[in-house]
Amino acid sequence: MTVSTGRIFLNILVCLFSFYAVFYIAATVVFGAFRLNSFDGTIPFHYKSFDDKFDQLVPFNQTAWTSQPFLSDFIALESTYIFTTWIYLIYLDSWIWDYGLTVTLLHCAIVCAVNTTFPLVWEWWVCVLIGLALMIILGESINACCRCRKTGKFSPNKENKPT
């Protein structure tokens, strides 16, 4: 199936827009649930909160998972990848992994541009890669099941009895 360059560019724009729309919705819900006071428009670009939380908490023998700002940033980031996968499944016919990887690379470039520095915080990179892996595995698995179901090779209701 051949797709034009214009269509690919449009798909990337729609995927990028949906990624940030879901990110802001997820961050709003999570920050509201944790009742945090510091909600600003740069939430998708907070990689420094990961570094700040680890640097502040390690000397006190605490983990970052007990810090509500860190935990809210982490939940917002990971839930964005999970929910965006479903949007990609609805909008795109295939290539979920490709668009997910492209949007993640664009997100990293935008984070660098907004913060005017390259994120060297390894915790942030691990969280981004976990989210990307979740998106690829979930999206491609569901997409493969849908393709097999359309062709009749997959039927979860059939009992496979030996003949």
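**Notes on an all-helix chain**

1. Let's start at a linker. Trp-95 sits in the loop that runs between α3 and α4. Have a look at its backbone: phi is near 60° there, which is a positive value in a residue other than glycine. Keep in mind as you read on that this is a predicted model.

2. Now step back to the whole chain. What is it built from, helices or strands? The count is five helices and zero strands, so to speak a plain α-α-α-α-α when you read the elements from the N terminus on. Of the 163 residues in the chain, 36% are buried. Contacts also reach along the sequence: taking those between residues at least 6 apart, 72% join residues at least 24 apart.

3. Next, the two helices on either side of that Trp-95 loop. Two packed helices are described by the angle between their axes and the distance between the axes. For α3 (residues 68-91) and α4 (residues 96-115), the angle is about 130° and the axes are 11 Å apart. That makes α3 oblique to α4, because an angle of this kind falls outside the ranges for roughly parallel (under 35 degrees), roughly antiparallel (over 145) and roughly perpendicular (65 to 115). The crossing of this pair is right-handed.

4. Who touches whom between α3 and α4? On the α3 side you'll find Tyr-81, Tyr-88 and Leu-89, and on the α4 side Ile-96, Tyr-99, Gly-100, Val-103 and Thr-104. Sorted by class, this contact of α3 with α4 holds six nonpolar residues, two polar ones and no charged ones.

5. Compare that with the pairing of α3 and α5. Here the axes come within 9 Å and cross at roughly 25°, which makes α3 roughly parallel to α5. This crossing is right-handed as well. The α3 residues in the contact include Phe-74, Leu-77, Tyr-81, Ile-82 and Trp-86, while those from α5 include Cys-127, Leu-134, Met-135 and Leu-138. By class, the contact of α3 with α5 has 15 nonpolar residues, five polar and one charged. Notice that Tyr-81, Tyr-88 and Leu-89 of α3 turn up here and in the contact with α4 too.

6. Zoom in on one residue of α5 (residues 122-151), namely Cys-127. Is Cys-127 buried or exposed? Its relative accessible area is 6%, so Cys-127 is buried; the cut-off for that label is under 20%. Its C-alpha atom is 7.7 Å from that of Leu-77, although the two residues are 50 apart along the chain.

7. Over on α3, try Ile-82. This residue has 32% relative accessibility, so Ile-82 counts as partly exposed. Which residues does Ile-82 touch, leaving aside those up to four places away in sequence? They are Leu-134 and Leu-138. The C-alpha atoms of Ile-82 and Leu-138 are separated by 8.0 Å, with their positions 56 residues apart along the chain.

8. Last stop: Asn-11, in helix α1 (residues 5-34). Asn-11 counts as buried because its relative accessibility is 6%. Not counting residues up to four places away in sequence, Asn-11 touches Tyr-91, Leu-92 and Tyr-99. With Tyr-99 there is also a polar contact of 3.2 Å, made between the two side chains. You've met Tyr-99 already, as one of the α4 residues that meet α3.

Note on methods: Residues numbered from 1 in each chain as written. Predicted model: local features only at pLDDT ≥ 70, side-chain atom pairs only at ≥ 80, totals over all residues. Heavy atoms only, no water. Axes fitted to C-alpha atoms, helices over the stretch in contact; angles between N-to-C directions. Helix = DSSP H or I, 4+ residues; strand = E, 2+ residues; numbered from the N terminus. Left-handed = near helix turned anticlockwise from the far one by under 90°. Contact = heavy atoms within 4.5 Å. Nonpolar A, V, L, I, M, F, W, Y, C, P; charged D, E, K, R; others polar. Buried < 20%, exposed > 50% of the residue type's maximum accessible area, 1.4 Å probe, protein only. Polar contact = N/O pair within 3.5 Å; in protein donor to acceptor, adjacent residues only side chain to side chain.
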